[in-house]
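Hi,

Here is the structure I promised to pass on. Have a look at it first, and then read my notes underneath.

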Amino acid sequence: MNVIDLHVHTTASDGTMSPAELVRYAKGKGLRTIAITDHDTIEGIEEGLQEGSKRGLEVIPGVELSVDYSNGTMHLLGYYIDITCTELTDKLMVLQQARAERNLKMIDKLRALGMEIDLAEVATVAEHGQIGRPHFAQAMVKKGYVQNIPDAFDRYLRKGGPAYMEKFRLSAEEAIHVIRTAGGVTVLAHPFTLNQPQPHEFDAVIGELKQRGLEGIEVHYPEHSEGQKKLYRDVAQQYGLLITGGSDFHGLTKDAIDLGEGYGDGELTHTIVEDMKSRRETRRKGP
Ligand SMILES: [Zn+2]
Ligand SMILES: [Zn+2]
């Protein structure tokens, strides 16, 4: 088997498997290559790389950064990043701090709304991973303040809801710059979340990102329709961008997409990995 999955999360962010477990799971499923792309953190990379070399699975060090984008959600993937690059680690530290502050502010808001929830309770729900709104929702369900998770989001946690706090985000330009400084290749993740169904509008967004240093588009993704894939592929080709893909695997939860599945992996060959690697190498040798 030659399956390549370039978008995978571990317990370092919001996945359910530790990096080592994930590597063993991928190996067991017969995958050839995975990229570990946790949200705003590279804490799982070292362990993943080590287990990968032990088990004979190719592991690409990556990261997924959430960036500021008013029209929808924009995530940028960084591949082949140097995890010792201080500009990168400093930036990630800023993001972690902002996340911690945001969590405290959301606790304050919940308290002001009469819900006695503390951060330790939310952290328990999140186990050891990053805390996010779904964990707040679970803690609220546990305490009986809401019926279920969708109810928690509808009434309190949705964007603009009474317990919602805006997240601090990097600009796309800053994110691309830091990935590039760390020697990485930047790819736009799951473009459907940009909410740009009009080809000319999507094209304009990509044109702008390309000018800032974007190098690829994640065309193959479980939630992309054939029509969307075609649009993303066409625009990628037009701008000379790499075409990547992945499952966005977060673990074996109910109804979840499994590792290495759901994104048309047949069309994704190892050439893409070679292409990314050679881009990185050329840059290293460059002036
Ligand atoms: Zn994402
Ligand atoms: Zn993801």
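Strand β6 and strand β7 (residues 242-245) run parallel and are joined by 4 bridges. One of the pairings to look for is G216 of β6 with its bridge partner L242 in β7. Keep in mind that this is a predicted model.

On the way from β6 to β7 you pass helix α9 (residues 226-238), and these three elements make a right-handed β-α-β unit.

β6 also pairs with strand β5 (residues 185-188): 2 bridges join them, and they run parallel. Here G216 turns up again, standing opposite V187. With helix α8 (residues 199-212), β5 and β6 make a right-handed β-α-β unit as well.

How many of the 5 residues of β6 are buried? The count is 5 of 5 for residues 216-220, so the strand is largely enclosed by the rest of the structure.

Now to the metals. The zinc ion (ligand 1) has three protein donors, E64 (OE), H75 (ND1) and H190 (NE2), lying 2.1 Å from it. Along the sequence, these donor residues follow the spacing E-x10-H-x114-H. Another zinc ion (ligand 2) sits 3.5 Å from ligand 1, and E64 coordinates both. E64 belongs to strand β3 (residues 58-67), while H190 is in the loop between β5 and α8, so the pair ties together parts that are 126 residues apart in sequence. Are E64 and H190 buried or exposed? Both E64 and H190 are buried.

Happy browsing!

Technical notes:
Residues numbered from 1 in each chain as written. Chains lettered and ligands numbered in written order. Predicted model: local features only at pLDDT ≥ 70, side-chain atom pairs only at ≥ 80, totals over all residues. Heavy atoms only, no water. Buried < 20%, exposed > 50% of the residue type's maximum accessible area, 1.4 Å probe, protein only. Pairing = 2+ DSSP bridges. Right-handed = clockwise from strand over helix to strand, strands pointing away. Donors = N, O, S within 2.8 Å, 3.2 Å for Na, K, Ca; no water.
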